[in-house]
Amino acid sequence: MKLMKLDRFRKVYFEESSAPDLRTIRGWIENGAIPGVVLNGSAYYIDQEKWESLMIANGDQEIDALIGKVLDNGAAATH
C-alpha cells in the first residue's frame, strides 16, 4: 500500500483555487468516500494505489459517483 499525505493529494488532484479543506478530506476518508487510512488515530493518508486504480478503472463514472457521495455526505452534515 502506497500512502499519500493529504497536502500532496490536494496539490496533485485539485487546482489550488478549488482544493478542499483538509478537514473535508478527512471526513471523506472517515465516511469511506475515498480510499484512505487513519494511523494512530490522527494521521490521515490517501491510499494512493487504490485511488489511482479506481480512477483508471472507472474514469469519469467513478469521479461522478465520488462527487455525488461527497455532496450527499455534506448535505447530511448540514442537517
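**Exercise 1. Salt bridge at D21**

Task: In this predicted model, classify D21 as buried, partly exposed or exposed, and state which residue forms a salt bridge with D21.

Solution.
Step 1. D21 has a relative accessible area of 35%. Buried requires under 20% and exposed requires over 50%, so D21 is partly exposed.
Step 2. The salt-bridge partner of D21 is R23, and the closest N and O atoms are 2.8 Å apart.
Step 3. R23 has a relative accessible area of 64%. That value is over the 50% cut-off, so R23 is exposed.

**Exercise 2. The other salt bridge**

Task: State how many salt bridges the structure holds, and say where in helix α1 D7 and R10 lie relative to each other.

Solution.
Step 1. The count of salt bridges is two. One of them is the pair R23 and D21.
Step 2. D7 and R10 also form a salt bridge, with 3.9 Å between the closest N and O atoms. The cut-off for this assignment is 4 Å.
Step 3. Both residues belong to helix α1, which covers residues 6–13; they are three residues apart, so about one helical turn separates them.
Step 4. D7 is partly exposed at 44% relative accessibility, and R10 is partly exposed at 24%.

**Exercise 3. The sheet and its helices**

Task: Give the strand order of the sheet, identify which strands stand at the edges, and describe how α1 and α2 lie on the strands.

Solution.
Step 1. The sheet is open, has three strands in the order β1-β3-β2, and pairs them antiparallel.
Step 2. β1 (3–5) and β2 (36–39) each have a single partner strand, so they are the edge strands and one side of each has no neighbour in the sheet.
Step 3. On average, neighbouring strands are turned by 40° against each other, with direction ignored.
Step 4. β1 and β3 are joined by three bridges. In one of the pairings, K5 has Y45 of β3 as its bridge partner.
Step 5. Helix α1 packs on the sheet and touches β1 and β3, its direction making about 85° with that of β1.
Step 6. Helix α2 lies across β2 and β3 and runs at about 70° to β3.

**Exercise 4. The nonpolar core**

Task: State how many residues the largest nonpolar core has and which element gives the largest share. Then examine I25 and I29 through their contacts.

Solution.
Step 1. The largest nonpolar core has twelve residues, among them M4, F9, I25, I29, I46 and W51.
Step 2. Two or more core residues come from each of α1, α2 (22–31), β3 (43–47) and α3 (48–77). The largest share, three residues, is that of α2.
Step 3. Setting aside neighbours within four places in sequence, I25 is in contact with L6, F9, R10, P20, I34 and I46.
Step 4. I29 is placed in helix α2. Its relative accessibility is 8%, under the 20% cut-off, so I29 is buried.
Step 5. With the same exclusion of sequence neighbours, the contacts of I29 include L6, V37, V38, Y44 and I46.
Step 6. I29 and D47 are 18 residues apart in sequence, and their C-alpha atoms are 9.7 Å apart.

**Exercise 5. Q48**

Task: Determine whether Q48 is buried or exposed, and name the residues in contact with Q48 beyond four places in sequence.

Solution.
Step 1. Q48 is located in helix α3.
Step 2. Q48 has a relative accessible area of 13%. Since buried means under 20%, Q48 is buried.
Step 3. Outside the four-place window, Q48 is in contact with K2 and M4. M4 is also one of the residues of the largest nonpolar core.

Definitions and conventions: Residues numbered from 1 in each chain as written. Predicted model: local features only at pLDDT ≥ 70, side-chain atom pairs only at ≥ 80, totals over all residues. Heavy atoms only, no water. Salt bridge = Lys/Arg side-chain N within 4 Å of Asp/Glu carboxyl O. Helix = DSSP H or I, 4+ residues; strand = E, 2+ residues; numbered from the N terminus. Buried < 20%, exposed > 50% of the residue type's maximum accessible area, 1.4 Å probe, protein only. Core = buried A, V, L, I, M, F, W, Y, C linked by side-chain atoms within 4.5 Å. Contact = heavy atoms within 4.5 Å. Pairing = 2+ DSSP bridges. Axes fitted to C-alpha atoms, helices over the stretch in contact; angles between N-to-C directions.
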